[in-house]
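New to this one? Take a look at the sequence and the fold below, and then let's walk through them together.

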Amino acid sequence: MEKGTFQDVNAQVVERCKAGDNRAQYELYKLYSKAMFNVSMRITNDYAESEDVLQEAFISAFKNLHSYKAEASFGSWLKRIVINASVNAVRKRRSELVPLEDRLAEDVPEEEYDDNTEWQVEQVRRAIQRLPDGYRVVLSLYLLEGLDHAEIGEVLEISESTSKSQYSRARKKLLEIMKDTHSMA
Amino acid sequence: MKDRLKDFVNENREEFDVFEPRPELWQEICTELKIQQAQEKKPRKEAKVISINFGERLNFTADFMFMRVAATIVLLLACGITLWTVKQNNPAATNTTNTLAANTGTGEQESIYQVAPELAEVEVYYTSQINSKREELSEYDLKVLGLDETREIDRELARLDSSYTRLKNQLYTTPNTDQVMAAMIRNLQIRIEVLNHQLEVLQKIEAIKEQDTTEPQNNETTTI
């Protein structure tokens with residue numbers, strides 16, 4: 001319900017942005033900059049790089065606003081731009097996002113750490129930050145950005161099954177990290 | 001398969017967004033936007049006109065290609081039209097006036113009257129003179145008059161004609177067109193003189209013949 005009213009407000013603002021209204025642009029920036037910055041932070045894991053991505057993404061969004069059709073919400077359209085820009089930024093500093101040996105789609109045995117330990121958001125978040133690039137990107141896209149494995153495959157130019165197996169490994173690694181820090185604490 | 005981690009993240013989604021960009025970042029985006037807008041103002045204007053024809057995604061590349069192709073077509077058309085009109089104008093001016101040119105070949109017609117524009121007028125004048133003289137000549141039945149001389153005159157006229165062609169060709173290369181033109185006019189005048197002379201000769205012969213025909217008649221009457 002809340003989303004419906006939100007989109008209506010956006011549609012008007014987006015129209016004003018198309019006309020080059022600077023205040024409307026700021027409204028959209030205020031509305032989305034924080035969420036988009038965090039999306040980029042999770043993928044690049046670098047503050048300065050995320051700022052670059054955010055700047056680049058907003059400028060390209062305002063420039064190409066005419067190609068935005070209202071079929072998706074403005075937020076998800078912008079998010080796609082941010083995700084692509086972030087992935088490109090990671091690619092630039094590192095040629096392979098998903099190492100070749102990890103591309104083989106194999107089933108990772110499901111070891112559920114069902115020890116019912118209570119997770120803290122901060123603990124999970126920090127553990128994600130400590131994951132290697134390839135794992136962190138797939139896990140973030142799946143867990144936090146809500147992309148399915150087919151979409152992740154498209155963004156990262158890998159197969160859907162590779163995305164699945166990569167996620168399983170990342171998830172396993174994440175739980176290990178959390179267990180370690182938990183036992184350390 | 002139930003993913004406890006996914007559920008946990010979904011429940012606490014908002015709390016995962018802990019970072020904030022520097023507040024100055026918006027200002028930086030604004031300046032960058034203004035710079036880019038200023039840079040794009042000029043091409044944008046052109047692009048707007050054409051974007052009607054192309055899909056919006058194709059806009060930019062299509063516009064550039066379109067402008068290039070359009071410019072090429074316009075250039076080619078302009079060249080074609082210019083050449084065509086030049087070709088149309090020149091033979092129209094020369095073909096009607098020039099009868100001598102038939103002797104000199106058609107290829108050179110186009111530019112010879114640009115080199116010496118007064119030539120067309122001169123040729124028309126003299127050609128009409130020469131033609132009328134020739135007509136006068138043809139009225140005489142040369143064979144009856146017993147004149148084989150005509151061949152010699154024809155040869156003389158042919159010689160004059162070939163030297164005329166030579167002079168005409170010189171017009172292209174000689175800077176002093178006046179001299180060549182004078183020679184050409186002289187050439188035409190000589191033709192008329194030759195024809196005049198022939199006419200005179202014929203007239204004289206005819207006069208003698210008339211005398212001849214009247215004299216035998218007298219003789220006959222006297223002998224009878």
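What follows is a tour that goes from the overall makeup of the structure to a few of its residues.

Keep in mind from the start that this is a predicted model. Chain A averages a pLDDT of 84, and 81% of its residues score at least 70. Within the chain, confidence is lowest in helix α1 (residues 2-18) of chain A, with a mean of 68, and highest in helix α7 (residues 149-156) of chain A, with 95. Residues 1-5 of chain A deserve some caution: pLDDT stays under 50 there, and the model gives this stretch zero contacts beyond four places in sequence.

**The overall build**

Chain A is a helical affair, with eight helices and zero strands. It has 185 residues, of which 47% count as buried. Take the contacts in chain A with a separation of 6 or more: 70% of them come from residues 24 or more positions apart. On the outside, chain A exposes about 9500 Å², and carbon and sulfur atoms supply 49% of that.

Chain B has a stretch worth a glance too. An unreviewed UniProt entry annotates residues 65-86 of chain B as a "transmembrane region". In the model, that stretch is 100% helix and 0% strand, and its end C-alpha atoms sit 32 Å apart.

**The cores**

Which residues have the most contacts inside the largest nonpolar core? They are Phe74(A), Val124(A), Leu156(A) and Leu174(A), in a core of 64 residues. Helix α4 (residues 74-93) of chain A gives the most to this core, with ten residues. Apart from it lies another core, this one of 24 residues, including Tyr140(B), Leu160(B), Leu167(B) and Val194(B).

Val124(A) is a good place to zoom in. Leaving out residues up to four places away in sequence, Val124(A) touches Trp119(A), Leu174(A) and Met178(A), along with Leu5(B), Phe8(B) and Phe16(B) from the other chain.

**Rings side by side**

Over all chains, the count comes to 13 aromatic pairs. Here are two of them:

| Pair | Centre to centre | Angle between planes | Type |
|---|---|---|---|
| Tyr26(A) and Trp26(B) | 5.3 Å | 45° | tilted |
| Tyr68(A) and Trp77(A) | 5.0 Å | 40° | tilted |

Why does the pair of Tyr26(A) and Trp26(B) join two chains? Tyr26(A) lies in helix α2 (residues 22-44) of chain A, while Trp26(B) lies in helix α2 (residues 25-50) of chain B, so the pair joins two chains. Tyr26(A) is partly exposed, with a relative accessible area of 35%, whereas Trp26(B) is buried, at 8%. Both rings also belong to one aromatic cluster, formed by Tyr26(A), Tyr29(A), Phe58(A), Phe62(A) and Trp26(B). As for the other pair in the table, both Tyr68(A) and Trp77(A) are buried.

**Two backbone oddities**

Finally, check out two residues in loops. Asn45(A) has a positive phi of about 60° although it is not a glycine. You'll find Asn45(A) in the loop between α2 and α3 (47-63) of chain A, where it is partly exposed, with a relative accessible area of 28%. Glu157(A) isn't a glycine either, and its phi is positive at about 55°. Glu157(A) sits in the loop between α7 and α8 (160-184) of chain A. Is Glu157(A) buried or exposed? With a relative accessible area of 60%, Glu157(A) is exposed.

Methods. Residues are numbered from 1 along each chain as its sequence is written. Chains are lettered from A and ligands numbered from 1 in the order in which they are written. This is a predicted model: local features need pLDDT of at least 70, side-chain atom pairs count only at pLDDT 80 or more; totals for chains, interfaces and linings use all residues. Side-chain values use heavy atoms; hydrogens and water are left out. Helices (H or I, at least four residues) and strands (E, at least two) are DSSP runs, numbered from the N terminus. Buried means under 20% relative accessible area, exposed over 50%, partly exposed in between (1.4 Å probe, protein chains only). Contact means heavy atoms within 4.5 Å. Accessible areas come from the Shrake-Rupley method with a 1.4 Å probe; for residues, only the protein chains shown count as cover. UniProt positions are given in the numbering used here, feature names are shortened, and annotations may be inferred rather than shown by experiment. pLDDT is the predictor's confidence in each residue, from 0 to 100. A nonpolar core is a set of buried Ala, Val, Leu, Ile, Met, Phe, Trp, Tyr and Cys residues joined through side-chain atoms within 4.5 Å. Rings of Phe, Tyr and Trp (its six-membered ring) pair if their centres lie within 6.5 Å; planes under 30 degrees apart count as stacked, over 60 as edge-to-face and the rest as tilted.
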